[in-house]
Every structure is written in C-alpha cells, then in structure tokens.
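Visitor: I have a structure to read and I am new to this. Where do I begin?

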Amino acid sequence: MDNQETEGVAASNEEVDPHHSLSELLSNKTYRELTEFQEPFDMFKAMRHHIGENESSAIIRFLVSDQETHGLGIQFLRSWLAEITAELRGKCMGLPSVDFEHVTAEVEWLTTEDRRLDILICLRDPSSKPVAWIGIENKHWAAEQPRQVSHYQEALAEHVNGLPSCVLFLTPSGRNPETGSSPFQSCPWLAVSYVSLLQAIKRLEPGASADVRAFLASFRNHLAANLHHYDMSDVDQSLKHRV
C-alpha cells in the first residue's frame with residue numbers, strides 16, 4: 001500500500017469530534033429558529049374555547065354578511081364562491097352568474113317542519129332585493145339525520161320562489177351527503193370541503209385590518225387543527241419552511 005492510500009485509510013478512520021459537531025449545530029441560525037418556534041396566537045385556545053358546529057356557523061354567518069363590523073363587505077362570500085366556482089357551475093348552474101352587491105344571513109333557519117338549517121344566506125342586488133339563496137348544512141363530524149339534506153332542498157326551493165338556490169353540504173372532507181336528493185334540480189345540493197373555506201379566509205387576511213386579520217388567522221388555524229387540515233395552518237407552513 002503506498003503512502004497516499006495509507007493517508008486515506010487513516011483519514012477515514014478518524015473519529016468525528018462530537019463537541020465540534022454539537023457547537024456547529026447550536027450556532028446554526030435555522031436550528032436556533034426551530035428551538036424558538038412558537039405556535040401562532042389562537043384567541044380561541046387562549047380563551048379555552050373549542051369551536052364546534054354552532055360556533056363555526058355563527059362565525060360564517062358573521063363573515064358573509066356585509067351588515068357586520070368586520071369591514072370586509074361581501075368580499076368573504078365572493079372569495080369563498082370563487083374557490084368553488086367549478087363545482088357550482090356543474091351543479092348549481094344559476095348561482096355563478098348571479099350579480100349581487102349585498103348579503104344577509106341567519107343561523108338556525110326554521111323550516112315548516114320545525115327543522116333547522118344551520119345557515120341561510122341571501123344574495124341581494126344594489127336595492128337589497130333578493131337575487132339568490134344559499135343554504136349551508138354545517139357538519140364537522142356529526143351524522144346526518146333522516147332525510148336531512150333532501151328536506152332542506154325542498155324547504156329552500158319553496159322559500160325562494162324560483163330564484164337560484166343551492167344547499168352546500170359543508171364537511172371536513174367534502175364528502176357527499178347520504179340524505180341528499182340528486183334529481184332535485186330547483187335546489188340542488190353541493191358537497192364542499194372545509195379546505196375551500198380556509199383558502200377563502202387565507203386569501204382575505206392580507207387586506208383585512210389588523211384586528212380582523214388576527215381574528216381570521218385564529219379562526220383558520222383553530223379549524224385547521226380541529227378538522228385535521230394541518231396543511232392549512234400557519235404552524236405547518238412555518239415549520240416546513242424552517243426545516
């Protein structure tokens with residue numbers, strides 16, 4: 001074996017200095033950022049308050065209405081509808097073409113059979129005349145009741161007097177309802193995932209005022225964690241970036 005080969009074997013057998021490697025790691029900027037990483041502020045977690053279906057329905061109603069103090073006008077509903085435009089065109093054909101300037105909404109809309117639709121949204125023209133209606137059945141994890149979605153389709157079709165309407169079946173996965181009536185064309189159902197809602201919120205955050213932006217981010221992060229959509233949370237994206 002010549003001298004060059006001998007030197008190579010000796011070098012390969014040298015032990016790595018653990019103190020040197022550890023000091024390199026501890027002095028690394030990215031490692032320091034990871035050790036200092038904190039979850040983004042979640043006002044709901046700070047209040048020890050879990051957002052269930054009733055609470056999320058109330059917040060969605062608040063955000064879609066331009067009568068509220070959030071300063072978003074109708075931007076939230078426009079942003080959300082933009083996320084599901086393709087699906088709307090496939091199933092609720094009258095809705096994508098509707099021009100609206102105002103939005104009102106209510107929760108727990110009571111039908112003639114004393115059943116309650118989670119959210120009822122009315123799209124209105126500049127003179128506040130109704131031009132379309134959207135019902136939302138909000139399901140985090142709860143099971144459907146007998147004939148639930150088909151009943152809401154029938155009740156809403158009767159209520160809207162021929163205006164475009166649709167029942168959104170809002171769930172974490174965007175699964176189809178088991179109780180929906182597919183041939184009911186006057187008021188069809190549309191399965192919608194919570195991802196579309198979270199995307200709509202995220203798109204609005206940069207243009208919102210500081211306090212509303214903090215509220216939107218808290219709502220989004222809280223829902224993302226509780227509905228297992230971690231890819232829509234700031235924690236997940238911040239950690240991926242740092243790693």
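Guide: Begin with one strand. Strand 3 covers residues 130-138, and eight of its nine residues are buried. Keep in mind that this is a predicted model.

Visitor: How many helices and strands does the chain have?

Guide: There are 11 helices and five strands. The chain has 243 residues, and 42% of them count as buried.

Visitor: Which way do strand 2 and strand 3 run, parallel or antiparallel?

Guide: To read a pairing, look at the direction of each strand and at the bridges. Strand 2, residues 116-124, runs antiparallel to strand 3, and six bridges join them. Pick out one position: Ile121 stands opposite Ile134 of strand 3.

Visitor: How many residues lie between strand 2 and strand 3 in the hairpin?

Guide: Five residues lie between them. Look at Ser128 in that turn, where phi is positive, at about 70°.

Visitor: In which sense does strand 3 pair with strand 4?

Guide: Here the sense is parallel, over six bridges, and strand 4 spans residues 165-171. For one bridge, find Asn138: its partner in strand 4 is Leu170. Now trace the chain from strand 3 to strand 4. The path goes through helix 8, residues 148-159, and this β-α-β crossover is right-handed.

Visitor: Next, the inside. Which residues touch the most other members of the largest nonpolar core?

Guide: Read a core by its contacts. This one has 47 residues, and those touching the most other members are Ile60, Trp80, Ile121, Leu123, Ile136 and Leu168. Take Ile121 as a worked case. Setting aside neighbours within four places in sequence, its contacts include Val64, Leu77, Val103, Ala132 and Ile136.

Visitor: How many residues are in the other core?

Guide: That core, apart from the largest one, has 16 residues. Trp133, Tyr152, Trp189 and Ala191 are among them.

Visitor: Now the aromatic rings. How is a pair of rings described?

Guide: Two values do it: the distance of the centres and the angle of the planes. This structure holds four aromatic pairs. In one of them, the rings of Phe62 and Phe215 have centres 6.5 Å apart and planes at 80°, so the pair is edge-to-face.

Visitor: Which parts does the pair of Phe62 and Phe215 tie together?

Guide: Phe62 lies in helix 5, residues 53-64, while Phe215 lies in helix 10, residues 210-226; so the pair ties together parts that are 153 residues apart in sequence.

Visitor: Why does Phe215 count as buried, and Phe62 as partly exposed?

Guide: The cut-off for buried is under 20% relative accessible area. Phe215 has 19%, so it is buried. Phe62 has 23%, so it is partly exposed.

Visitor: Is the pair of Phe215 and Phe219 stacked or edge-to-face?

Guide: Stacked, because the planes are at 10°, with the centres 6.4 Å apart. These two residues are four apart in helix 10, so about one helical turn separates them. Phe219 is at 0% relative accessibility, so it counts as buried. Phe44, Phe62, Phe215 and Phe219 form one aromatic cluster.

Visitor: What sits over the ring of Phe100, and what over the ring of Trp189?

Guide: Here, look for a charged end above a ring. The charged end of Arg78 sits over the Phe100 ring, 4.4 Å from its centre. That of Lys91 sits over the Trp189 ring, 3.0 Å from its centre.

Note on methods:
Residues numbered from 1 in each chain as written. Predicted model: local features only at pLDDT ≥ 70, side-chain atom pairs only at ≥ 80, totals over all residues. Heavy atoms only, no water. Buried < 20%, exposed > 50% of the residue type's maximum accessible area, 1.4 Å probe, protein only. Pairing = 2+ DSSP bridges. Right-handed = clockwise from strand over helix to strand, strands pointing away. Core = buried A, V, L, I, M, F, W, Y, C linked by side-chain atoms within 4.5 Å. Contact = heavy atoms within 4.5 Å. Phe/Tyr/Trp six-rings, centres within 6.5 Å; stacked < 30°, edge-to-face > 60°. Lys NZ or Arg CZ within 6 Å of the ring centre and 35° of its normal.
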